[in-house]
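The following exercises ask you to read a structure closely and to justify each step of the reading. Please look through the sequence and the model before you begin.

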Amino acid sequence: TFIPRVENHFQRFDAAGKKYAPSMYEPVVKVKKNPTGRLLIDFDVEVPGVDVHYSFDNSFPDNYYPSYSGKSLEMPVDATKLRVISYKNGEAVGRAMTFELTELKKRAK
């Protein structure tokens, strides 16, 4: 299929020292509001086997942080940002992404 072929090219680029965009591993962040107005966050990933790890406490998540299970995450009352990073087979494959609370509120439907 397409994804394994692209991943083979990524390995070649790594070996050749070439830079590339790993954006296919990064989640699409979807935000909505629950009936009380709290933000609910969901992630969609394009590549099977990618785990999205997240934090709300200003720390940078790694593979030991919670991973998205498919159930909407409720933004904690005291949180000011959401940080996410994608892992596949125990290795970071996506870029670390930070979403400020103001940006998440704008995305809410």
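A residue is called buried when its relative accessible area is under 20%, exposed when it is over 50%, and partly exposed in between, with a 1.4 Å probe and protein chains only. The structure is a predicted model, in which local features need pLDDT of at least 70 and side-chain atom pairs count only at pLDDT 80 or more, while totals for chains, interfaces and linings use all residues. Residues are numbered from 1 along each chain as its sequence is written, and side-chain values use heavy atoms, with hydrogens and water left out.

**Exercise 1. Describe the chain as a whole.**

Step 1. Of the 109 residues of the chain, 39% count as buried, and the C-alpha atoms fill a box of roughly 50 × 30 × 25 Å along the principal axes.

Step 2. Helices (H or I, at least four residues) and strands (E, at least two) are taken as DSSP runs and numbered from the N terminus. The chain holds two helices and seven strands, in the order α-β-β-β-β-β-β-β-α from the N terminus on.

Step 3. With contact meaning heavy atoms within 4.5 Å, residues 24 or more positions apart account for 49% of the chain's contacts that have a separation of 6 or more.

**Exercise 2. Work out which partners surround the side chain of R83, and state how far away the nearest side chain of opposite charge is.**

Step 1. R83 is found in strand 5, which covers residues 81-88.

Step 2. For charges, Lys and Arg count as positive and Asp and Glu as negative, whereas His and the chain ends are not counted. A salt bridge is a side-chain nitrogen of Lys or Arg within 4 Å of a carboxyl oxygen of Asp or Glu. R83 is buried yet has no salt bridge, and E100, the nearest side chain of opposite charge, is 6.0 Å away.

Step 3. A polar contact is a pair of N or O atoms within 3.5 Å; within protein, one must be able to donate a hydrogen and the other to accept it, and residues adjacent in sequence count only if both atoms are side-chain atoms. The side chain of R83 has a polar atom 2.5 Å from the backbone oxygen of N58, and a polar contact of 3.2 Å joins the side chains of R83 and T98.

Step 4. Leaving aside neighbours within four places in sequence, the contacts of R83 include H53, Y54, F60, P61 and M97.

**Exercise 3. Locate the largest pocket and place E7 with respect to its lining.**

Step 1. On a 1 Å grid over the protein atoms alone, a pocket is an open set of points with protein on both sides within 12 Å along at least five of seven lines, and lining residues have an atom within 4 Å of a point. The volume is the space filled by probe spheres set on the points, which are joined across faces, edges and corners; for the largest pocket this is about 300 Å³.

Step 2. The lining of the largest pocket consists of 13 residues, of which E7, Q11, Y25, E91 and V93 lie nearest its centre. Helix 1 (2-16) and strand 6 (91-92) are the elements that give two or more residues to this lining, and helix 1 gives the most, with five residues.

Step 3. E7 belongs to helix 1 and counts as buried because its relative accessibility is 17%. The side chains of E7 and Y25 make a polar contact of 2.7 Å, and E7 is also in contact with M24, V47 and K88, among residues beyond four places in sequence.

**Exercise 4. How many salt bridges does a search of the whole structure find, and what do individual pairs join?**

Step 1. The search finds seven.

Step 2. One of them joins the side chains of D44 and K30 at 2.6 Å, N to O. D44 lies in strand 2 (residues 39-44) and K30 in strand 1 (residues 28-33), so the pair ties together parts that are 14 residues apart in sequence.

Step 3. The side chains of E74 and R38 meet in a salt bridge of 3.0 Å, N to O. This pair links distant parts of the chain, with E74 in strand 4 (residues 73-74) and R38 in the loop between strand 1 and strand 2, 36 residues apart.

Step 4. The side chains of E103 and R107 also form a salt bridge (3.0 Å, N to O). Both residues lie in helix 2 (residues 101-107), four residues apart, about one turn of the helix.

Methods
1 Å grid on protein atoms, 1.4 Å probe; cavity = no way out; pocket = protein on both sides within 12 Å on 5 of 7 lines; lining within 4 Å.
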